[in-house]
Structure formats: structure tokens, C-alpha cells
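Here is a short briefing to keep beside you as you look through the structure. Take it in any order you like.

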Amino acid sequence: MPTAILLDISLSMSRPIPIPDSTENITRLTLASAAINTFLDYLSVHAKLEYVALVTFSSMYEVAVPFTRDYESIKVKLPQLEEGDKTCIETALLGVNQLILGEWGYQTLVQTILITDGSCGAGAIGRNRIIQALPLPPSFPSKIHVLPIVSPHDSSLQHAMPLYQKIVDLAGNTANNSTGSINRGAIYCPDQLSVSGVVSTMNKLCEQQYQEFWCTLKCGKLETRVQLFPAPQPASHEGLAATYTISNQIHVIGFLQQQDLGTPIAISKHLIIPQAQSGNNTTNRENFGSKTPTKEGSSTEGTTTDEDMSDPSKVPNFCVLLHGALKVEGMAAIVQLGPDWWGTVSAWCEASRARRSCLLLGVLRPGASAAPWLGALDQLGPADDATTTEAFPVRSWRSYSGGGSGCAWARPHALLADVQKVLRHARKLPDKTQHLYKELNRLRRAAISLGFSELLTCVGSALERECASLPSSAPPECALQLAHAAAALRDPRTALDIKHTLQPLATNFTVTSMSH
Amino acid sequence: MFPTNHKTIFVLDHTPYFGISSDNPIDFDVSKSRGPGYVPLPPVCKSLWTCSVEAAVEYCRIVWDLFPEGKLIRFVVSDSAAHILNTWAVAQQNLTHILNGLCLVGPVRRGAGGDVVGLCAAIEALGEPSPAQSSRPTTERHFQNRGRIICITSARDDDSIRSLAEIALNALVQQNKKASLVQPSSSTEASANPESLVVHHCHLVIVNVTPEKAETRVNNQPLTEMGSGLMSVEVIVSRASALANLLGRLVLPHYKLAITTVTGIPMKEEQNASSSANYDVEIIHAAEAHAGLRAAQTAAEALESVVLRWWTPRGAEGGAGSCSGPLWRVTPADVASRPSACLVNFLLNGRSVTLEVPRKGGGRAASHVLAAQGGELWIGALGGRAPYEDPPALSEGVGGRVTDYRIKEFGALMQQNKLHPLRGAGANSRARARLQRHTTYWPLTISSTLIFNLGSIMEPLTRLVVQESLTDEEVDACRGVLLSLLGMESRHELPSAQLPSNMRGKWSGRREEQWRQVWGELEALVRAHAAAPAHRALLRTLLDCRAHNHAPDGESRATVIRATTDSPLSPVGAGNGASNSDVWAPRNVLETLLGAPRPPRRPDFAGRMAAGNRIATLYPHLQQDVEAQH
């Protein structure tokens, strides 16, 4: 999840911090910079794919560095920041919201780290007014963490705390809960106003909020350790009975053609990044040919020599094999993420970068019905030779009304169209006899279920009228069939009986005419 | 957990009053040009009953199209008695069931009776747990049981509406009293299927229907709370002809839906196929699909309806795959109209279309995508970057510079492990067990295996051995493979001579080393599967062959042939001076290839030495220990 660092550069941040035996001029902004550097250093080790932006604010806000993975550019920017005037959090949050919405849309979880001076810049009334004016919750899923650069016993912090708490709480109540509820952010107060205090606080934040996610991707006996990026969030929302967390073993269940799979409803997508297996290689080498062969994905037999072992890119990895095969075969893997929870693994590449392809894990909505056209996901299994199985897509027993099953006569035009159809067939007798009765029965069925007996009377008289206006050249069967149908529609014994089906009049006219 | 729209009940007034005409004539004689003497048909009017049924059915259609599960609707038809058309059971939650039930109810008959019976039955029905609710374990029974009742009726004035609401409230209070009395006792014994649940909240919508011209003394009433939040009542007055529109509008807030007008859909005319005209189609879907659009709009814009323009697809589009977020089901607002049907068929035929926000200033921005999957229509929102975009190249990552992955073979393995929709439990675990078997010995790269490169020579052994069980014929076929290998070796052929010419160069090791690797790999492959009896028999044969591998040529050929044709129960190593076997000494290929010298013989397993020609028992003292304990 991308991160926006929202850095307070108001005048109060330039206040120096008295340090007894040091001549160094340390301001709160210096501490803030140290914290940001710590954060970026952490990311470059643990989550170097994370996008980070730096937004500075005082009474105005400015995007100092837009979202980037080039953390150096942020570090370079930090010492160049100019101080502003006064802290104005609500404007800043508004700006961050716009930046994020423009860049990430409203479906991506974005974290904001608000680094400020620990005072809300207003009295009790002013503070409440700020709380009222907060542009929260934003329309995208978000988490805001607050890191006030202030000594823990500062009275202004006590005063600002309710504001920070409100920001953290409101940010979590996002209106857009399609990705499920997410954990809220938190307030991280340094336990002392010094570089080490701020750095350790920032480390705490990183460890709690930017935990990388590791798991094992298993396909039968083949397995490899992978990182999922961005780290998956637990899934839970109003329709789910429980909270779902991805287990640390992802089991491949089997494979599907990509076109059969379609696009199931994914709640999030994650890169699968294979990781070097440290320490496994040596055991592997000894294992060859023994009773437990190739247990690890990275079997390292063959021509690899010891120098190659130090270069992980030359150690075979199951992920690369899986990716290649998925791509070549146009298939996707179905994986089990946990109890009653499935995902898909497919080879994915951006349209603009066709050659940079990677493995993508689509985390489906928990439950067996995340892709109805595959049937229940827990019932996906291997085909036995003997049994013939259903093919994809699995049709639901509930027919989709878009296919045109019913009698949606609420709008008059639909009713008109159905009646006109009957009359059109009536005018083309005797060729359309079967069609006429089929349509009549459909109309009858709908009319009976709607209690619309008036319609049947009306159609009956329309058929009689057609009968009366038949040209003299018309075969006699036409008149007989029309009269029969009209009478049947109005027969008091059967007209409203749903089980009764109108049948064409059995005539022998056709037989006699054929014999000539 | 269970929102109000989990349970909805329609109460339809079936009293004699609903038999009267809606006074909204529908004229069928649209074509007036039938010449003189043509008697025009009298226009038809629907009855109030027909109007209310079709409106309610349309409401259901939208709900069930968009929510195949979890959103339940029941029908209660009320005249002198309450006719309950369906239960909460999933099998009864569909239009066919409802329409069949309505057929049986039939048109309005003469007789006394009012709405009250139906309303009370509906409240009772709210107390019945839905399948999802009753499947919750008893320990988690603290969910809110809420529901909505939509009562279509016709009352004389506001007072009778008010008394109707009060009767409903009374019934609700009584019902809750009963339910809470039952529950404490039942929680100890037969709590698995309690008779009824307490209703925590009921949203009662009373729709007062009148014919076109009739005066009514009932007024609209906004949502008001009754019984300290137990019930909220809303009264809406509607002409019968407008009822369908009204319910079509009510369904949106009830299920958090929104309408998108897809504008500018080019369609060919039936009469004039060369030209096309543009049509609009309204589609209904979850309101969340608009969240992105709304987020970028001002408050005033957000109140307007959403109109998106058809972006004529060019060639193969990505379909729903191009959208990274969630998808929502879509249903047309007017299912019977021709443009709707055209759009639906276009999508169901497997094409997808992008929708764009119409902009006055030019410039195009794709905002949504419409596509069909599995016979249903879906909408997805586009836009925004994904945090996983611009991924690191796999080729720079772990294993990225290995070039000889067995991709084709893994492709074949994937085809063999294709999933199919099955019926019944355990399908997933069967699939996993199968994968487990197929991958027990599966070298990742071409250069790390010899046997899988030998192709036809190894057939059908490599194919058959992964099976769960082997028939006698299959075991024999595998033995045939082993025998022919043995034959090749005795003819001093190089296994690598059988490789495709482009791979031959990689295997330059000595003949003995190559054969050693072949037998070693084969043993690893077969041993990995040696759980079933037939596999174990095959393993024994293999071990015999392998043991023979390093014996002096010709000397024990006869015994090997005997061993390979023996019954599966023939003892291991029988008649095969077991001393020269290095079966138990695994070697690494690397060492093998480097040709590191190894002792020609090593002392055999002590147990086997002791056992002589019988099967050596492993850990014989283990059994003794167990026996000693007893």
C-alpha cells in the first residue's frame, strides 16, 4: 500500500531542542527528517516496492515529492525544505486526499504518516472546529498514523491528543468498504524528544504497520518461499461471518484455463516474489537420490557449481518455472489461502511492459462462491477418467432474467410487443399455427400468474376479429384455428387453469389437401 | 451481520377492492391503418392486483439478479386468510416459484378480509430464521435479526393506515415476547432449531395504491420510529400505474444500488440494416461501482444520475481482466426493452465494452468496463494505479537466470491436474493429493535430470508411476522399460545418445556415471511412490536391476531376468549376491559428474547380512521392546 508522508513544516517545527552537552543545533524538523530517513531505510530493506510521497504543509500544502519508489529523491529533498507559517492540518489532509485520489483511485488502501509538532495550533474551541472541518473519512480506504515530534509530557500534546485520535479513528471509517474493514492507524509518541527517541518510535511504527508478508507457495511436493506484495490485509466485511487471514502456506489445488477462470471477484491482488532459500541448498545437495528427493523447490543438482550458489538468480526456483508454464499454457492456478478461502495465481504483465511479466495472486472474496461460473470452489477437483464432468462455465440453476424469461409487463411497451407477436402469428396461419399456440400459452401463463384475465379476454376478441377479417381466399383451417383459440381463451372452465395448455385444433383439412 | 435487506417480505392485498380497474387504459390497436369497417379493440386496464403483483415481481427480479444469495424475499398474499407463497429456503427464492404460487392464488375473488392477517403473518415470518441465520452456531446467536415488510394495500384514510401500523407493532411486540420466552429454555436443549427469533428491527413500508382518478385521503408519511426503535414506518401513496416505477426506485436505497445510463449504444435497425441509431440503456448495479466517480465529483454533481458513454470496442479488449478492483453484478432496469436485450446479448456473447465519462472539453477517460462471465453481467470500475504495478523483473529475481526450466513438462503436468467442477465434498483434497503424487520426484531443470529427457525410452514408466495404483499389466510395462534399459547398458550404449541432439553435449560424463545417474534417478522416482504394493514390487525390481548395474557383465543376467519376471512378492535381493549393491548409498549428481572415486564396495547393511536370503527386518528390537513392555 502506498504511503504519503505528511510533514509539518510550520514555524514551530523549527524550534530548537535543548541538548545539554552539545552545540549542535537540533530542531524538531531535524528529528522529523531523521524519522523519515529511518522509515525510508526500513522500506528499502523490507518493502522496496512501496510507493512513497512527501507532502509538506503549514497553512498551505505542497507535494514535495510525488509517489515514487526512488527513496533517495525524498532523502535529498528533506534538507531543502523551507519552513512555513502555521500548522493547518485540515488543509493538509484535504490536499493529501486529492493527491491520493488522483493517483491511486478509490480502491487502493493508502497509508498516511502525519508528522507534526504535537500542538494543534488552536485552543479548545479552535480544536473542535478543526475536528469538525476534517475532510475525513476519505472516499478511499485509508489509514493515518500520527507521529508528533514532542516530548511526552508536553501539555500541548495532551491538548492535541483528541484531535489526533479523531483523525486516526475517522480515517478508518472509510465509506468505501469494498475491500473490507481495515485496522485503524495509531498514534506513535516518542518517549523522549531526541534523535534516538524519534528513530525508535519510527521503527516501532514500521514494524507494526509495514510488516512484510512471507509465506510458502506449495504445489504438491514443490515449494518455495515467497513474499506477497503489497502485504495482504485480513478480509472481513458485513457479509462475512468472521475475519479471514491468509495462512502462511498457500497450496496450489490445480490449474484452469485462463478463459475458463475469467475474472473472479478479487478483493486484492498481490505480487508473488520468490525469495532466495538460504541454508536449504546444502541439505538439498546431499539429498539427491536418497529417500527424500527434491523436497525443496530449488533442487540444485546438475551443472551448478559452488560459485553459482552465491548468486540466487542462478538457483532454480519453482516460482519462475510456474510463471513460465502458466504463461505458455495460458492457464492459471487455483490456490487455497486458508479454510474456505481461495485465490488465483496467474502470469500477469502490464500492457505497456509486455516483457516484464510476473506472478500475480488474486485474493478472492472468502467463501466458496467467489466465482459462480466455476461452481463451488470447494468442489473443484481432478477429473477421473471414468466420470464425465460438467464443463465451465457452470450455469447457475437460477436463470438470469437478462436472458428474457419473463413477463415484465410493468412497462406497457413490453405488453404491447407480446400481444403484437401473437397477432402477427395469427395473420400468418396456417404456417404459424404452432408458433401461435406457443405464444398464446406463454401469454396465458404470464397473465394467469399476474391475475390479468382482462388481457386474455381482449386477446380472444382480437383473434375473433382477425378471423372475421380473413380474406375469402384464406384456407378454411385459418378460421377454424382462430375461432378455436379465441374460444379456448375464454372458456370459463379452463381459461384460468395454469395446468391447462392450449392445443391446436386437430383438423383433417391438411390431410385432404395433401392427397390432391 | 445480517442487514435489514437480508429478509424482505411483500404483503400483497388480495381483497375485493384490488379487483377494480387501475383506470389506466392500454391500447393494443397501434396500427390504425387496417382499412374501413375495422372494429377497434377496446383498450385494456390492469386491475390493482395485477399492478401490484407485477411491481413486486419486478422488485424481486432486480434483487435476485444482483444477489444470487443472501438477499431473501418472501410473499404473503392476504385476503380472508394469509397465503404464504414461499419460505426462506433457498430453493424457493426464485421468480418461477413465486409466479407458480401466484397462479394458484389466482385473481381477486369476492369475500371479506383485510390486510391485517397478511401483515401479522409477515411479522411471524420475520421471526423465522433464514438458512444463513439458523446455520450460525448457537454461541453466535447474538446477531441482529432485522427485516423489511413492504405492504401494498389501499386504505381509506391516514387513520386506517395508522391503525394498520399499530396492529403491526403490536403483533411484533407479542411475537418478540413469545420468542424471548422460548429462547432461554431452548438454549439448553433443542436450541439447534429454535422456533423463532426476536425481531430487533422492522422497516415497514406501506404503499397505498389507488386507481388513476380516485380520490385518496391518505398522505405520504416520512420514516417515523415506533415502539422505541423497534419499527420504523413509511407511507407512500401511489397510483397503480406508477407502482412499478415506485418500487423500481425503492429497491435502490433498500439494497444500496445505483443506476447507470449507458448512452450512445449504436444498434442496427431492423428495417434499415445499413445505418445504426444510438440508444440508451439503463442498468442497475451496486452503488459502490460509482464510488470512484462520486469521489471526484462535487456535492451538486453527485446528486445527478450517472450517464456513461459507450466506447465502441476495438478488436480484442481486455474484458473485465483490465479492471483491478472488484466487480459487481449488473441487471438491466427495463428487461423487456429491445435495446436492453441487444446490450445483454452483446455482452453474453463474450464481448466486453468500456464506458467513458462524457466530457465537454474533449479528452476521453475510461471509467468502467461491462462484461459477461458465466452467463451473468458484471461491471467493474477502472482507473487509479495499482500498488503492484511496475513489478521487478522475474529475470532479475531468484532463479531468474536459469534458462533450462522444464516448462513444457510442467505445462503437461498442469494439463493433467486441471480442475473440473465436481459434486460432493473432498474434491479439493483429492486434487491436492494428486498434485502431491505428480510432484514427488520432479526436477525443476532439464540439466538436473537425465531420465525425464530420455523421452520414449522411459515411456510408459514415468507416466504410469505417478498413478495412485498400478495394475499388473502396468507394472509389467514398467518392468519392460527397466529391462530395455538394462539391455542398453549391457550393450555399452550411452544413455545420452538417446537425448535430442541439442542436449547431448551437456552430458559428457563417463558411461558408467551416466548409467549410475539414470538408475539413481529412477530409484528416487519409484521410491517416492512406493506406498502402494504394486509400486513396491516395481521398486524391488528396480533395485535388482540397479544392483546388477555394477556387477560384472553377463554373470548374473539370468538372475536379473528372473527377478524382473518374478511375482511381486519375490523377496528383495533374492538370489542376487546382495553384496555389490550401492542402493543405500545415495550420491549427488555433482559428485557423480565430477567423477569422484568411491569405494567399489561397501559393507552391506548388517541386518541383511544376518538375514541371508530372507527379507531383512528393520529395527527388529523395536517389536521386542514393545512386547517387553506388556
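The notes below cover chain B, its main sheet, the contact between the chains, and the domains of chain A.

Please keep in mind that this is a predicted model. In chain B, 19 helices and 15 strands make up the secondary structure, and an open sheet of seven strands is a good place to start looking. Where chains A and B meet, 122 residues of chain A and 115 residues of chain B take part.

**Chain B as a whole**
- Chain B has 630 residues, and 42% of them count as buried.
- Among contacts in chain B with a separation of 6 or more, 71% are between residues 24 or more positions apart.

**The seven-stranded sheet of chain B**
- If you trace the open sheet of chain B across, the strand order reads 3-2-1-4-5-7-6, and the pairing is mixed.
- Strand 3 (82–84) and strand 6 (221–226) of chain B are the edge strands, each pairing on one side only.
- From one strand to the next, the twist averages 20 degrees.
- Within this order, strand 1 sits beside strand 4; strand 1 (residues 7–13) and strand 4 (residues 146–153) of chain B are parallel and share five bridges.
- To find this pairing on screen, look for Val11(B), which stands opposite Cys151(B) of strand 4 of chain B.
- Helix 3 (residues 116–127) of chain B lies across strand 1, strand 2 (72–78), strand 3, strand 4 and strand 5 (201–210) of chain B.
- The angle between helix 3 of chain B and strand 2 of chain B is about 155 degrees.

**Where the two chains meet**
- On the chain A side, helix 10 (residues 318–329) of chain A gives the most to the contact with chain B, with nine residues.
- The residues on that side of chain A comprise 60 nonpolar, 43 polar and 19 charged ones.
- Strands also pair between the chains: strand 13 (residues 380–382) of chain A runs antiparallel to strand 15 (residues 419–421) of chain B, and three bridges join them.
- One residue to look for here is Pro382(A), whose bridge partner in strand 15 of chain B is Leu419(B).

**Domains of chain A**
- The domain assignment divides chain A into domain 1 (3–209), domain 2 (213–276 + 315–379) and domain 3 (406–515).
- Domain 2 of chain A is given as two segments, 213–276 and 315–379.
- Between the C-alpha centres of domain 1 and domain 2 of chain A, the distance is 34 Å.

Terms used:
Residues numbered from 1 in each chain as written. Chains lettered and ligands numbered in written order. Predicted model: local features only at pLDDT ≥ 70, side-chain atom pairs only at ≥ 80, totals over all residues. Contact = placed C-beta atoms within 7 Å. Helix = DSSP H or I, 4+ residues; strand = E, 2+ residues; numbered from the N terminus. Nonpolar A, V, L, I, M, F, W, Y, C, P; charged D, E, K, R; others polar. Pairing = 2+ DSSP bridges. Buried ≥ 20, exposed ≤ 12 C-beta atoms within 10 Å, placed from the backbone. Axes fitted to C-alpha atoms, helices over the stretch in contact; angles between N-to-C directions. Domains from an automatic or database assignment.
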